[in-house]
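Look at the sequence and the model first. Then read on for a guided walk through them.

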Protein chains: 2
Amino acid sequence: MELRTLRYFVAVAEELHFGRAAARLRMTQPPLSRAIKQLETELGCALLLRSPTGVALTPAGVLLHEEARALLAQADRVRARVTALAGPVTLTVGTLADSAEQFGTRLAAAYREHHPGARILIRESDLTDPTVGLRAGLVDVALTRTPFDDTGITTRTLRSERVGVVLRTDDPLAQRDGLRLADLAERRWFRFPDGTDPVWHAYWTGAAGDGRRRDGPVVRTARECLQSVLWNGTVGLMPLGHALPEGLTVVPLTDMAPSALVIAWREADATALIRSFVRIAETVHRATDPARAG
Amino acid sequence: MELRTLRYFVAVAEELHFGRAAARLRMTQPPLSRAIKQLETELGCALLLRSPTGVALTPAGVLLHEEARALLAQADRVRARVTALAGPVTLTVGTLADSAEQFGTRLAAAYREHHPGARILIRESDLTDPTVGLRAGLVDVALTRTPFDDTGITTRTLRSERVGVVLRTDDPLAQRDGLRLADLAERRWFRFPDGTDPVWHAYWTGAAGDGRRRDGPVVRTARECLQSVLWNGTVGLMPLGHALPEGLTVVPLTDMAPSALVIAWREADATALIRSFVRIAETVHRATDPARAG
DNA sequence: TCCGGCCGATACCGCCTCGGTATCATTGCC
DNA sequence: GGCAATGATACCGAGGCGGTATCGGCCGGA
């Protein structure tokens with residue numbers, strides 16, 4: 001008799017209909033039927049009277065309905081009191097703010113729902129810091145993308161994304177359905193300011209930092225990078241599957257390793273709150289993305 | 001935050017030692033550590049302070065300890081009240097009483113522990129009724145062995161046992177480590193009274209009822225069968241692995257299908273109480289037998 | 001100072017539970 | 001009598017959970 005099972009039973013007892021109860025629980029009907037049957041088996045008495053027209057409660061079912069509601073309410077109070085005792089907590093999240101905007105908002109919403117007492121601060125970084133303040137200690141957990149120097153940092157991959165080159169639609173190469181880095185060797189490449197994470201810089205400038213890249217414009221944000229494509233004809237790189245301004249196209253790069261959208265935190269101080277954030281992030285991402293919807 | 005997890009936490013909070021708490025919960029330490037860690041992750045706050053010398057509770061842990069105890073107590077009361085509402089219930093169990101004596105007692109004990117309000121009656125049958133009163137409606141559920149005519153009856157196998165022939169220790173064949181039914185063709189075979197289940201009768205008399213078996217003694221119980229071996233030199237059959245009186249040996253039969261120890265009940269009236277009994281039986285059997293200890 | 005024992009954490013594995021899809025059986029209704 | 005609705009069943013794949021083996025870190029004693 002676990003709380004999950006009682007939640008199932010309460011839903012059925014109130015809907016008096018397995019299908020509607022399942023919908024309310026955001027699941028399907030067969031596992032709900034099975035769970036209720038197992039509950040009856042465990043208690044050793046019938047709780048529901050099934051009929052093709054619907055469901056009725058037995059006396060034991062009526063009693064369990066009331067008691068289960070009270071028990072679930074008490075469980076909620078317990079959880080609230082215990083977390084409240086930990087005091088008002090603030091979690092600072094760093095984000096690259098390029099790709100995961102709507103996912104970030106969903107994530108923040110889910111996190112607030114799960115921890116009503118916690119404050120969550122968002123700190124957006126530009127493209128020059130792939131750890132988005134994590135290494136500097138400015139944030140507790142980061143929503144960013146690989147690759148970067150991850151010594152002392154733990155990451156959990158949410159999804160892996162292929163990378164493409166952003167070109168003006170009138171570019172001769174824009175019609176191709178795939179390009180290699182060599183095809184762009186003669187173009188002007190952007191670069192990041194000095195001090196940018198070397199792994200990160202080498203990746204996004206398309207090669208292990210051969211000197212030729214040095215003459216391109218310096219960019220700090222995705223917007224600057226795209227503007228540079230439009231105005232200066234430099235190449236830009238970005239993950240596939242994201243919206244682009246008018247007049248720009250993205251062509252997949254076939255010889256570039258994918259970049260992963262990750263949750264990152266410092267190994268040293270993985271508090272329960274941070275682990276909770278990571279877990280919620282994984283759950284939310286899986287619930288919204290797996291069919292590439294998020 | 002399920003009740004199972006809270007039971008784990010209460011154990012750790014009271015023992016202040018993962019190893020002892022795990023022993024109290026009859027589990028091992030690693031999954032307990034993991035479960036507690038997951039609980040802390042879910043709540044988003046630390047409950048325990050670990051150290052190599054032991055464990056201490058945080059303030060949140062102290063609070064959760066009290067609250068969880070209360071919650072678990074309430075859950076127990078709910079369960080008791082709901083099952084009590086179903087009224088005093090009697091479950092009649094039929095048993096063959098040959099092999100599963102100690103298992104039967106453990107099973108009855110576990111069942112009483114799980115359903116304090118229920119009465120359980122044991123009805124022992126002799127070997128002439130393999131359904132031990134189930135088909136006659138005398139019992140609700142049967143602890144018996146195959147094979148028998150199971151039309152209208154559902155069975156769950158607990159374990160499958162090879163069958164051997166019981167011989168006097170001074171019998172010429174008693175030293176063999178395996179026999180075939182043909183080796184016993186010339187012996188006198190026991191038989192069951194008329195009206196015994198035909199499938200059952202054919203199995204235990206060693207063949208599909210060829211007429212020759214007709215001249216042996218009629219037995220109704222395992223004791224009678226063994227006595228007939230001692231006094232009349234008839235053959236006897238029984239599952240391997242059971243205790244035998246002095247002066248008797250059992251030799252495995254290599255060409256006889258195994259007999260299964262089963263829980264059986266009438267499909268038509270599988271109440272929650274009966275299903276509960278079946279489930280408990282399977283659990284108890286698995287907990288005590290799998291290494292052939294029960 | 002080093003070694004051994006104790007304790008919790010981690011890694012990894014196999015089973016079983018759980019939720020999903022597809023389908024069936026029953027019943028009431030038009 | 002056919003059809004729609006409802007719950008039950010069969011089956012499958014992923015994930016959770018408990019198990020074994022092992023690690024790392026701290027303490028106490030020689």
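The paragraphs below start with confidence, move to the DNA strands and end with details of the backbone.

This is a predicted model, so to speak of local features a pLDDT of at least 70 is needed, side-chain atom pairs count only at pLDDT 80 or more, and totals for chains, interfaces and linings use all residues. Residues are numbered from 1 along each chain as its sequence is written, chains are lettered from A and ligands numbered from 1 in the order in which they are written, and side-chain values use heavy atoms, with hydrogens and water left out.

Begin with confidence. pLDDT is the predictor's confidence in each residue, on a scale from 0 to 100. Chain A averages 87. In that chain, 94% of the residues score at least 70. Helices here are DSSP runs of H or I with at least four residues, strands are runs of E with at least two, and both are numbered from the N terminus. Within chain A, confidence peaks in helix H1, at 98. It is lowest in helix H7 of chain A (residues 222-232), at a mean of 78.

Now turn to DNA strand C. A residue is near a strand if one of its heavy atoms lies within 4 Å of it. By that rule, 22 residues surround DNA strand C. The closest are A:Arg4, A:Tyr8, A:Arg34, B:Ser33 and B:Arg50. Which elements supply at least two residues each to this surface? From chain A, they are helix H1 (3-15) and helix H3 (29-43). From chain B, they are helix H2 (18-24), helix H3 (29-43) and strand S2 (54-57).

What does the protein meet on DNA strand C, sugar or phosphate, or bases? Of the strand's atoms within 4 Å of the protein, 72% belong to sugar or phosphate. The rest belong to bases. The residues of this surface divide into nine nonpolar, eight polar and five charged. In this scheme, Ala, Val, Leu, Ile, Met, Phe, Trp, Tyr, Cys and Pro count as nonpolar, Asp, Glu, Lys and Arg as charged, and the others, Gly among them, as polar.

Some polar contacts can be named. A polar contact is a pair of N or O atoms within 3.5 Å; within protein, one must be able to donate a hydrogen and the other to accept it, and residues adjacent in sequence count only if both atoms are side-chain atoms. The side chain of A:Arg4 has an N or O atom 2.8 Å from a phosphate oxygen of DNA strand C. For B:Arg50, a polar side-chain atom lies 2.8 Å from a phosphate oxygen of that strand. B:His17 has a side-chain N or O atom 3.3 Å from a sugar or linking oxygen.

Strand S2 of chain B also has a partner. Two strands pair if DSSP finds at least two bridges between them. Strand S1 of chain B (residues 48-51) pairs with S2(B) in the antiparallel sense, over four bridges. The two strands form a hairpin with two residues between them. B:Leu49 stands opposite B:Ala56 in S2(B).

DNA strand D comes next. Here 23 residues surround the strand. The closest are A:Ser33, A:Arg50, B:Arg4, B:Tyr8 and B:Arg34. Of the atoms of DNA strand D within 4 Å of the protein, 74% belong to sugar or phosphate. The surface has nine nonpolar, nine polar and five charged residues.

Which side chains reach a phosphate oxygen of DNA strand D? Among them is B:Tyr8, with an N or O atom 2.6 Å away. A:Ser33 has one at 2.8 Å. A:Arg286 has one at 2.9 Å.

Next come the backbone details. The peptide bond from A:Thr146 to A:Pro147 is cis, with omega near 5 degrees. A:Pro147 sits in the loop between strand S5 (141-145) and strand S6 (153-161) of chain A. In chain B, a cis peptide bond joins B:Thr146 and B:Pro147, with omega about 5 degrees.

Two residues other than glycine have positive phi values. A:Leu16 has phi near 55 degrees and is found in the loop between H1 and H2 of chain A. A:Val132 has phi near 40 degrees and lies in the loop between strand S4 (118-124) and S5 of chain A. Are these residues buried or exposed? Buried means under 20% relative accessible area, exposed over 50%, and partly exposed in between, with a 1.4 Å probe and protein chains only. A:Leu16 is partly exposed, at 34%. A:Val132 is buried, at 0%.
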